[in-house]
Amino acid sequence: MPKKSFALASLSVLVLGTLSACGGGSDDASSDGDCVVKIGGIFSQTGAASAFGSDGERAIDLAIQDANEEGFEVDGKSCTIEYKATDLASDPNNAASLAQELITGFEAKFIFGPDLAAAVPPAATAVQRAGDVMQFSVSTGMDAYAGKDEPFFRLAPTDVKMVNEGYIPAVAEQLPDVTSIAMLMTDDDTGKALAEGYTAAFEEAGVEVTQTEYYAATTTNFAPIVQRIDDSAQGVFIGYNNDSAAAGIMDAAAEAGLPPVFITRGISAQPGVDRSDDLQDYTWLVLGADPLYPANDEQQAFVDKFSDAFSIPDGRMTYFPFVHYDYVGMLIQAMQEAGTTTDVDAISDALRGSSYEGVVPLSFDDEGLNTSPMGLGILRDGQGEVITFGGE
Amino acid sequence: MSELLLTLLLGIMQAGLYTLVGLGLTITFGVTHILNFAHGEFVTIGAFALIGFSTMVGTAAAIPLALLVAVALGALVYLLGFVFTIGNHLQGLAFSLGLLLFTENIFLELFSSIPRNGPRVDGTLALLGGEQIAWSRVVVIITTAALVTVAAIALKRTWVGLALRATGDDRFAASTLGLSAKRVGLYAFLVAAVLAAVAGMCIASVSPVTPAIGVSYLLTGFVVAIIGGLGSPEGVLMAALLLGIVEALTSRYIDPSMTSVYTYSLMVVVLLALPQGLFNRKVVRAG
């Protein structure tokens with residue numbers, strides 16, 4: 001074979017391999033019922049956010065498999081769900097085209113995702129233009145759309161309710177000796193917008209935020225940044241990044257001799273669990289439930305089932321399945337109550353003010369804002385527990 | 001004063017890592033004229049090979065094993081891919097980009113994006129004035145300094161180094177003396193793979209790593225290679241020191257959110273003043 005041809009052939013193999021590894025393909029369920037409900041998913045299955053994104057996508061996939069296996073009827077018709085998953089690849093720039101592909105190409109009526117705050121607006125714009133599509137996202141970006149009489153639902157309470165009025169007061173109550181903290185936030189719109197509210201919430205709860213440091217979201221070298229933290233800080237708040245950044249900050253803080261007290265938001269239990277021997281206190285916000293600290297046998301059974309289904313090693317499942325899996329069941333319940341699988345407005349009305357008892361309890365208020373209970377995860381002296389709050 | 005010393009040491013440590021990555025890029029470019037976008041993946045390979053092997057056979061045995069893996073994979077990607085793109089910049093670029101996407105996703109599938117820590121040297125070293133620096137970071141500073149010195153001497157004093165420099169300077173003239181460009185290209189890729197893998201092992205010993213670690217160091221590797229002058233090891237060292245220290249000082253004393261602004265501003269200023277970089281040995285042909 002000529003060398004140039006061989007090189008081109010090798011390149012083609014690589015490109016094809018890359019495309020398949022990126023998971024851009026679809027995952028279509030069977031469609032042999034009287035009615036077919038089309039659900040699309042936009043999650044980061046590759047890239048930096050894939051630990052959470054993959055689990056969110058898998059949760060929707062598993063919930064749909066379970067619903068199809070069990071079967072359900074809407075308005076006397078036996079229905080099945082067809083599902084198509086797309087890969088956001090941890091890049092918000094992909095959101096608009098993926099949403100468009102799901103809406104016009106796949107004809108999805110319901111979209112779960114995206115899982116990144118900055119990716120929600122472009123996807124939501126595509127949904128708004130379509131006019132008859134519903135969107136669910138767990139991300140903070142959904143706060144700008146949910147509760148406004150449109151078919152947008154956030155899979156968690158608003159950040160103000162969940163963090164400012166829920167998590168932060170709960171943290172202050174659990175850590176009464178911590179009266180001053182330093183705040184580390186990513187230098188982007190989300191980080192800056194939230195820092196102000198978080199600071200006020202901490203102040204109200206009796207905790208002074210002595211300094212707020214913004215850092216580039218792509219930073220991996222945290223040692224010089226952590227050096228900036230004043231010795232008077234009794235703990236560090238790590239907001240809005242990923243587990244890797246949190247782990248890097250915690251290691252750098254330990255090296256710098258800062259008190260091993262970390263309050264996190266948007267981070268899982270894992271960085272704390274991996275360092276539990278060296279920590280005094282580590283808290284994280286639990287959405288739904290925490291796979292490392294399930295509240296009951298049903299949640300434990302779900303962790304086992306999910307881990308088995310996707311061959312996830314022990315302790316590596318994120319909390320994302322808990323804030324995605326049951327919403328498929330809740331959507332089916334709303335379709336049944338509305339008596340339609342296509343009238344998005346009617347289904348939205350049915351979702352508003354409804355509740356659902358799944359692996360975790362879910363609820364929306366009359367405006368469509370999420371009122372499901374959340375939890376404060378806390379690791380103290382190597383022991384972890386989840387304290388539930390909210391849910392009114 | 002002690003705080004400044006600590007900041008400088010942190011900057012020097014980071015500079016050492018940038019040097020190792022940048023050296024690999026500049027050596028492969030100098031010899032083959034291939035801008036290897038997949039080079040950062042050898043950083044990931046080094047880090048994860050060390051983490052994996054150290055849990056199985058202990059750290060001492062894991063280091064040579066991790067290097068062996070990096071060398072084997074370096075040889076593999078060169079012999080199965082890059083060797084056929086020598087002389088065609090576009091093909092080389094496309095192949096390296098494809099390889100980057102492919103390997104990054106393979107690594108994510110294999111290791112997930114959960115952060116992992118490599119083996120560390122416990123304890124801290126007290127600096128004058130009371131500040132402490134982790135021994136792991138001191139070991140990284142010593143390791144990178146030693147390796148950069150060895151690499152510099154090897155490039156000047158050994159037959160392989162001579163071959164690399166001769167082929168980089170003039171491939172045709174070198175070939176008339178019996179130096180096969182393809183064979184020398186293999187040496188370049190193996191040296192680059194080792195340097196990047198050592199960088200990966202060093203990174204894993206001071207901070208948590210994910211499969212994305214290679215890409216984040218690759219970008220800085222390119223910056224130091226460009227500032228230094230593509231093809232110039234001395235330039236890479238100078239540029240890495242400049243960048244590492246500027247990064248540390250600005251993060252510590254000015255504004256950590258603006259670090260990349262300072263870094264890229266530095267690159268722009270250097271390239272405006274010296275379009276061929278700080279130490280370019282010759283005008284390199286582009287495209």
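I began with helix 4 of chain B, residues 89-111, and noted that its 23 residues reach 32 Å from the first C-alpha to the last, close to the 33 Å expected at 1.5 Å a residue. The model I am reading is a predicted one, and I kept that in mind for every entry below. Just after helix 4 of chain B, I found Ser112(B) with a positive phi of about 60 degrees.

Next I looked at how two helices of chain B pack. Two packed helices are described by the angle between their axes and the distance between the axes. For helix 1 (residues 2-32) and helix 5 (residues 135-157) of chain B, I read axes that come within 9 Å and cross at roughly 35 degrees, and the crossing is left-handed. On the helix 1 side of chain B, I listed residues including Leu9(B), Met13(B), Gly16(B), Leu20(B) and Ile27(B), which meet a set in helix 5 of chain B that includes Arg137(B), Ile141(B), Thr144(B), Val148(B) and Leu155(B). The residues of this contact divide into 14 nonpolar, three polar and one charged.

I then turned to chain A, where the domain assignment gives domain 1 as 4-155 + 294-359 and domain 2 as 159-287 + 376-389. The centres of these two domains of chain A, taken over C-alpha atoms, are separated by 30 Å, and the contact takes twelve residues from domain 1 and 14 residues from domain 2. Between them, the two domains of chain A bury about 900 Å², with 53% of it on carbon and sulfur atoms. In domain 1 of chain A, I noted Phe52(A), Thr140(A) and Tyr319(A) as the residues that lose the most area to domain 2, together 47% of what that side buries.

For the interface between the chains, I recorded a contact of 40 residues from chain B and 39 residues from chain A. The area buried between chain B and chain A is about 3300 Å², of which carbon and sulfur atoms give 60%. In chain B, Phe84(B), Ile114(B) and Pro256(B) lose the most area to chain A, and together they make up 16% of what that side buries.

Last, I checked the backbone of chain A. Most residues other than glycine have a negative phi, and most peptide bonds are trans. Against that, I found a cis peptide bond joining Gly113(A) and Pro114(A), with omega about 0 degrees, and I placed Pro114(A) in the loop between strand 4 (110-112) and helix 4 (120-130) of chain A. I also noted Asp75(A), a residue other than glycine, with a positive phi near 55 degrees; Asp75(A) lies in the loop between strand 2 (72-74) and strand 3 (77-87) of chain A.

Notes. Residues are numbered from 1 along each chain as its sequence is written. Chains are lettered from A and ligands numbered from 1 in the order in which they are written. This is a predicted model: local features need pLDDT of at least 70, side-chain atom pairs count only at pLDDT 80 or more; totals for chains, interfaces and linings use all residues. Side-chain values use heavy atoms; hydrogens and water are left out. Helices (H or I, at least four residues) and strands (E, at least two) are DSSP runs, numbered from the N terminus. The expected span of a helix is 1.5 Å times one less than its number of residues. Axes are lines fitted to C-alpha atoms, for helices over the stretch in contact, and angles run from 0 to 180 degrees between N-to-C directions. A crossing is left-handed if the near helix is turned anticlockwise from the far one by less than a right angle, and right-handed if clockwise. Contact means heavy atoms within 4.5 Å. Ala, Val, Leu, Ile, Met, Phe, Trp, Tyr, Cys and Pro count as nonpolar, Asp, Glu, Lys and Arg as charged, and the others, Gly among them, as polar. Domain bounds come from an automatic or database domain assignment. Buried area is the accessible area (1.4 Å probe) that two parts lose on being put together, summed over both.
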